[in-house]
Amino acid sequence: MTGKVMLRLLLVFATFVIARPGTASAQRYEDHTVLLLDRSASMALPTTGGLTRFQLAVRRAQDIVAMGGSTPQHYAVVSFNGTSYIVHLGFTTNTALIQFTLNSLKVGMESAPVAHAICGSVDELLAYRPQVLAWKRIAFFSASDGDTGTPPSSQCYGPPSTTPSPTPGSWQFKVRNKLVSGDPDNEGDPRSPLVQFSNVLLGGPFG
């Protein structure tokens, strides 16, 4: 089973789950979203529309920010390439700054540490304003063929799954657990996950 198929299986699981509000004592909802962009070499490939995958990713991220929402929208801009991820912009409601940051990103020419970046983004989300009632989301922009760069020291490092239902110990299994429970080794309750995840480039729902 290819890495791309296994990545899609992970996304199918992740896109149907609804984020769980953080605390019951907050007075209103907020949206906290990590815009997680793949800058690995595969994103330099062209799409049928003429843009590269990365240019398309940036455009779609910008569209999400421009769309806004009925609750306060807090965004962070994160990208991954090589063996790590970079937080280019911490959480903010300043849409002009978010758009400027997205425009400044450049595609890289290395591998794709998918699991490392997703699990790190979950940690960024859970650490941000835990005292408020908020929807926690990752908008993922990637067309890479699975995980090709997560270092062995990463909390979500593992071999590719060998079954459609992620094999225990695989990186897909650990990422799924991280989204649901915040712990790569705890399967938790999929009906009440901590973080909603959507691959915008592969057609996952968002909003």
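The following exercises, each with a worked solution, concern the predicted model of a protein chain.

Residues are numbered from 1 along each chain as its sequence is written, and side-chain values use heavy atoms, with hydrogens and water left out. Because the model is predicted, local features need pLDDT of at least 70 and side-chain atom pairs count only at pLDDT 80 or more, while totals for chains, interfaces and linings use all residues.

**Exercise 1. Overall architecture**

Determine how many helices and strands the protein chain has, and in what pattern they follow one another.

Solution.
Step 1. Elements are DSSP runs numbered from the N terminus: helices are H or I with at least four residues, strands are E with at least two.
Step 2. The count gives five helices and five strands.
Step 3. Along the sequence, they follow the pattern α-β-α-β-β-α-α-β-α-β.
Step 4. A contact means heavy atoms within 4.5 Å. Among contacts with a separation of 6 or more, 72% are between residues 24 or more positions apart.
Step 5. Of the 207 residues, 51% count as buried; buried means under 20% relative accessible area, exposed over 50%, and partly exposed in between (1.4 Å probe, protein chains only).

**Exercise 2. The two sides of helix α3**

Establish which residues of α3 (residues 95-104) are buried, and where they lie on the helix.

Solution.
Step 1. The buried residues are Ile98, Gln99, Thr101 and Leu102.
Step 2. Viewed down the axis of α3, these residues fall within an arc of 160 degrees, so they line one face of the helix. The arc is that of the directions from the helix axis to the C-beta atoms.
Step 3. A general principle applies: an α-helix has 3.6 residues a turn, so residues three or four places apart point the same way.
Step 4. Ala96, Phe100 and Asn103, on the other side of α3, are exposed.
Step 5. The cover over the buried residues includes β1 (29-38), α2 (53-67), β2 (73-81) and β3 (84-92).
Step 6. At the start of α3, a side-chain oxygen of Asn94 comes to within 3.2 Å of the backbone nitrogen of Ala96.

**Exercise 3. Aromatic pairs**

Find how many aromatic pairs the structure has, and describe the geometry of the pairs Phe80 with Phe140 and Phe91 with Tyr128.

Solution.
Step 1. Rings of Phe, Tyr and Trp (its six-membered ring) pair if their centres lie within 6.5 Å; planes under 30 degrees apart count as stacked, over 60 as edge-to-face and the rest as tilted.
Step 2. The search of the whole structure finds four aromatic pairs.
Step 3. Phe80 and Phe140 are stacked, at 5.8 Å centre to centre and with 5 degrees between the planes.
Step 4. Since Phe80 lies in strand β2 and Phe140 in strand β4 (residues 133-141), the pair ties together parts that are 60 residues apart in sequence.
Step 5. Phe80 is buried, with a relative accessible area of 0%, and Phe140 is likewise buried at 0%.
Step 6. The ring centres of Phe91 and Tyr128 are 4.2 Å apart and their planes stand at 20 degrees, so this pair is stacked.
Step 7. Phe91 belongs to strand β3 and Tyr128 to the loop between α4 (114-127) and β4, so the pair ties together parts that are 37 residues apart in sequence. Both residues are buried.
Step 8. Phe80, Phe140 and Phe197 form one aromatic cluster.

**Exercise 4. Salt bridges**

State how many salt bridges the structure holds, and compare the burial of the partners in three of them.

Solution.
Step 1. A salt bridge is a side-chain nitrogen of Lys or Arg within 4 Å of a carboxyl oxygen of Asp or Glu.
Step 2. The structure holds five.
Step 3. Glu30 and Arg129 meet at 2.8 Å, N to O. This pair links strand β1 with the loop between α4 and β4, 99 residues apart. Glu30 is buried at 3%, whereas Arg129 is partly exposed at 28%.
Step 4. Arg137 and Asp31 meet at 2.9 Å, N to O. They link strand β4 with strand β1, 106 residues apart, and both are buried.
Step 5. Arg191 and Asp189 meet at 3.1 Å, N to O. Arg191 is exposed at 74%, and Asp189 is partly exposed at 29%.

Conventions. A polar contact is a pair of N or O atoms within 3.5 Å; within protein, one must be able to donate a hydrogen and the other to accept it, and residues adjacent in sequence count only if both atoms are side-chain atoms.
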